[in-house]
Amino acid sequence: MDGSYRELSNKSLESNILFWGQENCAPNYTFKGNNVRDNYVIHYIQRGKGTFASANHSMVTLQAGDVFILPKGVPCFYQADSKEPWSYFWLGLSGIKIRAMLSDSILSTQNYLRQVQDSKFCQSLQNLFEAAHSPSSLTNDILIEALLYYTFYNLNIEYPTKRRKNSATKDEQLRAAITYLRQNFEDSSLSIIDLCNKMDLSRSYLYTLFKNNLGLSPQQFLINLRMEQAKEYLANTDNTIQEISRIIGYNDEFTFSKAFKKYSGFSPKIYRQSLTK
């Protein structure tokens, strides 16, 4: 087993990183120290898998792309897998604001998150870990504090706790979601997370809402909107394929053409030519 560890000297009463570390664990490795921490320690699993449990929670199997946290003052147990032991990095956090900033995310209730590797939260967490490696200076201390707040911002935006049940009916929620996608599908920066945030709904709830009523995921519904509009442009305008791709929300022609062929069975060029025969 090999790894690295370092304590940081910058201190803030509100929030700061006390230490960071990284470990390539041996099979079945478990932490032998005090399993009740004086601070919050957040782990990101880079490779492999293992098991994790915290007080009053069932044991779960976690793998690369998952996150778990050792809450302050809460007994925890975690162990590397016997065949595919995990590698992870961790950040030790302290300050009077850490608990408050965690409280609005799922991480504060179940103490782990699955498959966060493509999230803004994960990217900002990795950036924070990298910044913690740099020598202490006023500039780097400012960067670390800014990244720390940005990390918690993304955590609460992308993985919020279950909020009060929306008073709108499911039909009203579905109509509102469809309207929003129809009005904004031409925006290349539009994402389903944007829609969830605007409607104050979780991604899993919105997915179920669309699948149960339309048989499609929200993402597929968005793609269908764009593809049907592309058909209209290909049939009724002289716009180039590159122009059409930008108009319907794609940043490049290649990505659009690939999506269109998957949707219709034809490339945009062949589809347009077929209309003239």
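Two strands count as paired here if DSSP finds at least two bridges between them. With that in hand, welcome to this predicted model. Two topics make a good way in: an open sheet of three strands, and the second largest pocket, which holds about 300 Å³ of space.

**The sheet**

- Reading across the open sheet, the three strands come in the order β5-β4-β7, and their pairing is antiparallel.
- The edges are formed by β5, spanning residues 60-63, and β7, spanning residues 76-80, and each of these strands pairs on one side only.
- From one strand to the next, the twist averages 25°.
- Strand β4 covers residues 49-54 and is joined to β7 by five bridges, with the two strands running antiparallel.
- To find this part of the sheet in the structure, look for Ser54, which stands opposite Cys76 in β7.

**The second largest pocket**

- About 300 Å³ of space lies in this pocket, and 16 residues line it.
- Which residues lie nearest the centre of the second largest pocket? They are Asp118, Ser119, Lys120, Glu158 and Ile193.
- Helices α4 (138-158) and α6 (192-199) each supply at least two residues of the lining.
- The largest share of that lining comes from α4, which gives four residues.
- By type, the lining of the second largest pocket has a mixed make-up: five residues are nonpolar, six are polar and five are charged.

Note on methods: Residues are numbered from 1 along each chain as its sequence is written. This is a predicted model: local features need pLDDT of at least 70, side-chain atom pairs count only at pLDDT 80 or more; totals for chains, interfaces and linings use all residues. Side-chain values use heavy atoms; hydrogens and water are left out. Axes are lines fitted to C-alpha atoms, for helices over the stretch in contact, and angles run from 0 to 180 degrees between N-to-C directions. On a 1 Å grid over the protein atoms alone, a cavity is a set of points where a 1.4 Å probe fits but cannot get out, and a pocket is an open set with protein on both sides within 12 Å along at least five of seven lines; lining residues have an atom within 4 Å of a point. Grid points are joined across faces, edges and corners, and a volume is the space filled by probe spheres set on the points. Ala, Val, Leu, Ile, Met, Phe, Trp, Tyr, Cys and Pro count as nonpolar, Asp, Glu, Lys and Arg as charged, and the others, Gly among them, as polar.
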